[in-house]
Amino acid sequence: MTKLGQWLCGLALLGSAWAVLALAPPELQPPAPLRQALLPLPVYLLVAFGCYSLATVGYRLATFNDCEEAAAELQEHIRAARADLRRRGLRL
Amino acid sequence: MAAPSGPRPERLSVLLPTYNERDNLPLVVWLLVRTFRDSGIDFEIIIIDDGSPDGTQEIAEQLEKIYGSDKILLRPRPRKLGLGTAYIHGMKHATGNFIVIMDADLSHHVSLYFMDCGKQKEGNFDIVSGTRYKGNGGVYGWDLRRKLISRGANFLTQVLLRPGASDLTGSFRLYRKEVLQKLMEKCVSKGYVFQMEMIVRARQLGYTIGEVPISFVDRVYGESKLGGNEIVSFLKGLLTLFATT
C-alpha cells in the first residue's frame, strides 16, 4: 500500500470512530463530559500537531551543526592539493 | 542475498558526474586519491562530464595523465543529460564491487570512515548514506533561511514518507554495485527527488541502510541555488513519492 493509502485508511478509521461517537443520535450518545471533549478533538489534534511540528523544526534548526572545522580543513586541503597538482604538471 | 563470509577484496568505484566543475574537479580527485592511497583501498574514479563548456573535460584529461587511466576513467557525454542517466552510464564502466556517488563540487567533505567502508563493514549494509542531520554531521556556509528550508523540508519528508533514514536529499552515498543497479532500474524521478526515491525504494526492497554523519561545506567555487523553483519541484516530487510508493 502506498503512504497515501495508509494515511487515507488511518484517517478513515479514526474519522469514522469519531463520527460514530460524536454524531450519534440522542439515545446512543455517550455521557456529556465525554461528548464535550470529543467534538472538538480533531481540531485539538491538528493544533497539537502544528505545535509539535513548529517545535521540532525549531529545535532542529537551532541545533543544526556548523562545520567550522571541516571548512577550515578543506581550505588547507585545497592549498595542499593545488601545490601538489602544480608539481605534477596540472595546468589550472 | 547471502552475506560474504570473511573479508573480501574491495574495489571502490567513485562516480563523479560533472558539469562546469573545472575548478573543483582536480581538488576532489586529489583528495580522493590521497584518501584511498593512505588507506590502501583499491579504487577507480569515473568522471562523467556532460559536455561542460568551461573545459572540465580538458582538466579531466590532464588528471588521467597524472594518475593513470586505470585509476581515472573518463566517460564523457555530449551534453547535459541528467544525473540518473549519468550514474547508469558510469556504472556500465565500473569494475568495483562498491560504488560511491558524491558531488564533484567539494561540498562533500571526503571522509575516510565513509570511503574505507568502515560503516558498511560494521553492519554489512547494502547502502551507507551520509547524513547532515545526525551525530556530528552538519553544514557550513548556509544562512538561516537555507537551514530552515532544509530542516522544514526534511521534517515534511519524515512525516509523509517515514523513510527510516534521516537525510534523504543528501547525495553522498556508498552502494553495493548490485544494489545500485537494481535501484536505478526502478527509480523514475529527477533531481533532488531522485535521491529520495532511491532510499524509499531501497527500503521497499528490503535493503539495509547505515548512516554516517557528514559535513556539507557549501560551494567553495561557483554558486549554490535554492530558489522558489527548486522548492516547488521538491514539493511536487515529494507528493508524487507519497502517492506512488
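A salt bridge here is a side-chain nitrogen of Lys or Arg within 4 Å of a carboxyl oxygen of Asp or Glu. The exercises below apply this rule, among others, to a predicted model.

**Exercise 1. Work out how domain 1 and domain 2 of chain A meet, and state how many salt bridges join them.**

Step 1. Begin with the division of the chain, in which domain 1 of chain A covers residues 1-30 and domain 2 of chain A covers residues 31-91. Five residues of domain 1 of chain A and eight residues of domain 2 of chain A take part in the contact.

Step 2. Next consider the distance and the area: the centres of the two domains of chain A, taken over C-alpha atoms, are separated by 34 Å, and the two domains bury about 630 Å² between them, with 70% of it on carbon and sulfur atoms. On the side of domain 1 of chain A, the residues that lose the most area to domain 2 of chain A are W18(A), A22(A) and P30(A), which together make up 77% of what that side buries.

Step 3. Now apply the rule for salt bridges, which finds zero across the interface of domain 1 and domain 2 of chain A. One residue pair in polar contact is counted between these domains, and the touching side of domain 1 of chain A has four nonpolar residues, one polar residue and no charged residues.

**Exercise 2. Describe the interface of chain A and chain B, and find which element of chain A gives the largest share of its side.**

Step 1. Count the residues and the area: 35 residues of chain A are in contact with 43 residues of chain B, and the area buried between the two chains is about 3,600 Å², of which 67% comes from carbon and sulfur atoms.

Step 2. Look for pairs that cross the interface, where two salt bridges are counted between chain A and chain B. One of them joins D66(A) to K147(B), whose closest N and O atoms are 3.2 Å apart, a distance that satisfies the cut-off of 4 Å. The interface also has 12 residue pairs in polar contact.

Step 3. Assign the residues of chain A to elements: α1 (3-22), α3 (41-62) and α4 (68-87) of chain A each give two or more residues to the side that touches chain B, and α4(A) gives the largest share, with 13 residues. By class, this side of chain A has 17 nonpolar, nine polar and nine charged residues.

**Exercise 3. Compare two UniProt features of chain A with the model, and give the helix content of each span.**

Step 1. The unreviewed UniProt entry places a signal peptide at residues 1-19 of chain A; in the model this span is 89% helix and 0% strand, and its end C-alpha atoms lie 25 Å apart.

Step 2. The UniProt record, again unreviewed, places a transmembrane region at residues 38-55 of chain A, and here the model has 89% helix and 0% strand, with end C-alpha atoms 25 Å apart.

**Exercise 4. Explain why the salt bridge of R22(B) and E58(B) ties together separate parts of chain B.**

Step 1. Over all chains the structure holds 15 salt bridges, including the one in which the side chains of R22(B) and E58(B) meet at 3.9 Å, N to O.

Step 2. R22(B) lies in the loop between β1 (11-18) and α1 (25-39) of chain B, whereas E58(B) lies in helix α2 (residues 56-67) of chain B, so the pair ties together parts that are 36 residues apart in sequence.

Conventions
Residues numbered from 1 in each chain as written. Chains lettered and ligands numbered in written order. Predicted model: local features only at pLDDT ≥ 70, side-chain atom pairs only at ≥ 80, totals over all residues. Heavy atoms only, no water. UniProt positions renumbered as here; feature names shortened; annotations may be inferred. Helix = DSSP H or I, 4+ residues; strand = E, 2+ residues; numbered from the N terminus. Domains from an automatic or database assignment. Contact = heavy atoms within 4.5 Å. Buried area = accessible area lost by both parts, 1.4 Å probe. Polar contact = N/O pair within 3.5 Å; in protein donor to acceptor, adjacent residues only side chain to side chain. Nonpolar A, V, L, I, M, F, W, Y, C, P; charged D, E, K, R; others polar.
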